[in-house]
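Me: Can you take a look at this one with me? I have some quick questions about contacts and strands.
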Amino acid sequence: MREIRTAALIGMGAMGAVFAPGLSATLGDGFRVVAGGARKARLARGVTVNGAPVTFRLTEPEGPAEPVDLVILAVKDYAYREALEQVGRFVGEDTILLPVLNGLDCARQAGEVYGPEKVLYASMWVDASMENGTAVYNPRGMVRIGEARNDPPGPRVLALEGLFRRAGVRCRVEPDMIHCIWLKFMGNVSENLPCALLGVPYGAYREGWPADGIRRALMAEVAAVARAEAGVELTEEDMALRNRIVYNQDPASRPSTLQDLDRGRQTEVELFAGTVVRLGEKHGLPTPVSAIMLQGIRALEAKNAGTIPGLPEAARTLAPLF
């Protein structure tokens, strides 16, 4: 495949901010962010990424447009179906679609709409947050990319890797992207959700501490459903890797689900715990800890929405504190 020279990004949040500065600088007018309405107006003022102001070309999701070489989908799970529809006018015969959102099925869903031959896998191993137009992410983070298997990588994967390297986006082609996605999913479920339910930062995860016991129980549940659903083995070595990652996080850092609750936003608990519970039921596997995460975070969402009878008025607008 020829060099990637044009790209569109939909979803200019924490994950989108990982790509936008480098792609804008590298591709110039060949890069655009897809946004309309009030969101476009906000982004037109520019954003700050890791302390530096960034501006980029903005394109409405409606109207005529030329296909681009690459479309990056960086929205939340609950906005994904709409985003897939909105990028249709940028998708041509040779376009690569790269969903970078959390979860297990985003590549399959994109393939159902545009054809699986257009889709590559991605897994975001990046600690990032965004609020009020200011994004912060750890530049040591890594975007892992590829086909389902990459031994060796094909031309589309090599073209994408080349673009990211030119743009300063740290990336790695994984030999087995399906295993990689399940491993990241295990981290999202086990590390994100206890912090969100308990209202605590990553500092709560220390060997032998109560929150860490919950985290390890969740890892075991994900490993069981991964084996049953996809034949993927999440090994003791994989769990040791997640231990090293979480113990070396900034203890004050707050995972995305807790950030969403803090800001009164919809969370991705259905994508995380909801998926584990559903797959557990499908395969006859017990997932009691995931079920507690699911129901507990649903209750916190209801608290934020003010739909729990008897709440004091102040509790209907305040986010959980730690």
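What follows is a short exchange on salt bridges, cysteines and sheets in this predicted model.

Me: How many salt bridges does the structure hold?
Reply: There are 24 salt bridges in the structure.

Me: Start near the N terminus. Which residue does R2 form a salt bridge with?
Reply: R2 forms a salt bridge with D69, and their closest N and O atoms are 2.7 Å apart. D69 lies in strand β6 (residues 68-73) and R2 in the segment before β1 (7-10), so this pair ties together parts 67 residues apart in sequence.

Me: Is D69 buried or exposed?
Reply: D69 counts as buried, with 7% relative accessibility. That goes for the strand as well: 6 of the 6 residues of β6 are buried, so β6 is largely enclosed by the rest of the structure.

Me: What does β6 pair with, then?
Reply: β1 and β6 run parallel and are joined by 4 bridges. In that pairing L9 stands opposite I72 of β6. β6 also pairs with strand β7 (residues 91-99), again in the parallel sense, over 5 bridges. There, L70 has I96 in β7 as its bridge partner.

Me: And which helix goes with β6 and β7?
Reply: Helix α3 (residues 80-86) does; β6, α3 and β7 make a right-handed β-α-β unit.

Me: Back to charges. What does K40 meet?
Reply: The side chain of K40 meets that of E60 in a salt bridge, at 3.3 Å from N to O. The pair links distant parts of the chain, with K40 in helix α2 (residues 37-44) and E60 in the loop between β5 (57-59) and β6, 20 residues apart.

Me: How accessible are those two?
Reply: Both are partly exposed: K40 has a relative accessible area of 25%, and E60 is at 29%.

Me: What about R108 and E112, how far apart are they in sequence?
Reply: They are 4 residues apart, about one turn of helix α4 (residues 106-114), where both lie. Their side chains meet in a salt bridge at 2.4 Å, N to O. R108 is partly exposed at 43%, while E112 is exposed at 51%.

Me: Which residues are in the network with them?
Reply: R81 and D105 are; salt bridges link these two with R108 and E112 in a network.

Me: Different topic. How many disulfides are there?
Reply: A search of the whole structure finds 0.

Me: Why doesn't C106 form a bond?
Reply: Its closest cysteine sulfur is in C180, 12 Å from the sulfur of C106, which is too far for a bond. C106 is buried, with a relative accessible area of 10%. Another cysteine, C195, is also buried, at 0%.

Me: Last one, the sheet with β8. What order are the strands in?
Reply: The order is β8-β11-β12, in an open sheet of 3 strands with mixed pairing. β8 (121-125) and β12 (171-173) stand at the edges with a single partner strand each, so one side of each is left without a neighbour in the sheet. From one strand to the next the twist averages 20°.

Me: How do β11 and β12 pair, parallel or antiparallel?
Reply: Strand β11 (residues 142-146) pairs with β12 in the parallel sense, over 3 bridges. R144 has R172 in β12 as its bridge partner.

Me: Which helix packs on that sheet?
Reply: Helix α6 (residues 177-198) packs on the sheet and touches β8 and β11. The direction of α6 makes about 35° with that of β8.

How values were computed:
Residues are numbered from 1 along each chain as its sequence is written. This is a predicted model: local features need pLDDT of at least 70, side-chain atom pairs count only at pLDDT 80 or more; totals for chains, interfaces and linings use all residues. Side-chain values use heavy atoms; hydrogens and water are left out. A salt bridge is a side-chain nitrogen of Lys or Arg within 4 Å of a carboxyl oxygen of Asp or Glu. Helices (H or I, at least four residues) and strands (E, at least two) are DSSP runs, numbered from the N terminus. Buried means under 20% relative accessible area, exposed over 50%, partly exposed in between (1.4 Å probe, protein chains only). A disulfide is a pair of cysteine sulfur atoms within 2.5 Å. Two strands pair if DSSP finds at least two bridges between them. A crossover is right-handed if, with the strands pointing away from the viewer, the path from the first strand over the helix to the second runs clockwise. Axes are lines fitted to C-alpha atoms, for helices over the stretch in contact, and angles run from 0 to 180 degrees between N-to-C directions. Contact means heavy atoms within 4.5 Å.
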